[in-house]
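User: I would like to learn how to read a single-chain model residue by residue. Can we go through one together, beginning with the overall layout?

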Amino acid sequence: MTGPTPAARPDLPAGLAARPRDARRGLPVPPVNVHTDPTTGTSTVDFTNINTTVSTELASVRRCSLCGTEGGYWERSSAGHARPS
Ligand SMILES: [Zn+2]
């Protein structure tokens with residue numbers, strides 16, 4: 001596995017930390033980066049592409065595109081669940 005050592009990893013929001021991890025890098029896999037092959041039905045992770053079907057479905061029900069949890073207005077559009085101060 002490549003990437004930062006566990007001690008160097010920043011704390012993640014609980015919803016993101018609970019996501020499945022990419023085997024190669026150990027990164028949490030956002031639901032919008034999971035792609036299903038239409039011919040084989042197998043799922044793959046591609047961090048360079050957004051699954052727009054999943055992204056749209058999550059947005060329509062106001063769920064976070066990074067962790068898939070319900071969050072309301074601010075979480076729907078933010079990376080990291082920032083809240084207004
Ligand atoms: Zn989230």
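Analyst: What follows goes from the chain as a whole to five individual residues. Keep in mind that this is a predicted model.

User: How many helices and strands does the protein chain have, and what pattern do they follow along the sequence?

Analyst: Secondary structure is read as an ordered list of elements. Here the protein chain has 3 helices and 2 strands, and their order along the sequence is α-β-β-α-α.

User: What percentage of the residues count as buried?

Analyst: Burial is judged by counting C-beta neighbours, with 20 or more within 10 Å making a residue buried and 12 or fewer making it exposed. By that count, 12% of the 85 residues of the protein chain are buried.

User: What share of the contacts joins residues 24 or more positions apart?

Analyst: Sequence separation is the thing to look at. Among contacts in the protein chain with a separation of 6 or more, 22% link residues 24 or more positions apart.

User: Take a residue in a helix. Is alanine 17 buried or exposed?

Analyst: Alanine 17 belongs to helix H1. Its C-beta has 12 others within 10 Å, so alanine 17 is exposed. Beyond the residues up to four places away in sequence, alanine 17 touches Leu12 and Pro28. A C-alpha distance adds a further view: alanine 17 and cysteine 67 are 50 residues apart in sequence but 8.2 Å apart in space.

User: Where is leucine 27 found, and which residues does it touch?

Analyst: Leucine 27 sits in the loop that runs between helix H1 (14-17) and strand S1 (34-36). With residues up to four places away in sequence left out, leucine 27 touches Arg21 and Asp22. Leucine 27 is partly exposed because 19 other C-beta atoms lie within 10 Å, and the buried class begins at 20. From C-alpha to C-alpha, leucine 27 and phenylalanine 47 are 9.9 Å apart, with their positions 20 residues apart in sequence.

User: Which helix holds alanine 59, and how exposed is it?

Analyst: Alanine 59 is part of helix H2, residues 52-60. It has 14 other C-beta atoms within 10 Å and is therefore partly exposed. The C-alpha atoms of alanine 59 and glutamate 70 are 10.0 Å apart, for a separation of 11 residues along the chain.

User: What is the phi value of arginine 62 near?

Analyst: Backbone torsions are read together with the residue type. Phi of arginine 62 is near 60°, a positive value in a residue other than glycine. Arginine 62 lies in the loop between H2 and helix H3 (73-77), and it counts as partly exposed because it has 13 C-beta neighbours inside 10 Å.

User: Why is arginine 63 classed as buried?

Analyst: Arginine 63 is also a residue of the loop between H2 and H3. It is buried because 20 other C-beta atoms lie within 10 Å. Outside its neighbours within four places in sequence, arginine 63 is in contact with Leu58, Gly68, Thr69, Glu70 and Gly71.

Note on methods
Residues are numbered from 1 along each chain as its sequence is written. This is a predicted model: local features need pLDDT of at least 70, side-chain atom pairs count only at pLDDT 80 or more; totals for chains, interfaces and linings use all residues. Helices (H or I, at least four residues) and strands (E, at least two) are DSSP runs, numbered from the N terminus. Two residues are in contact if their C-beta atoms, placed from the backbone, lie within 7 Å.
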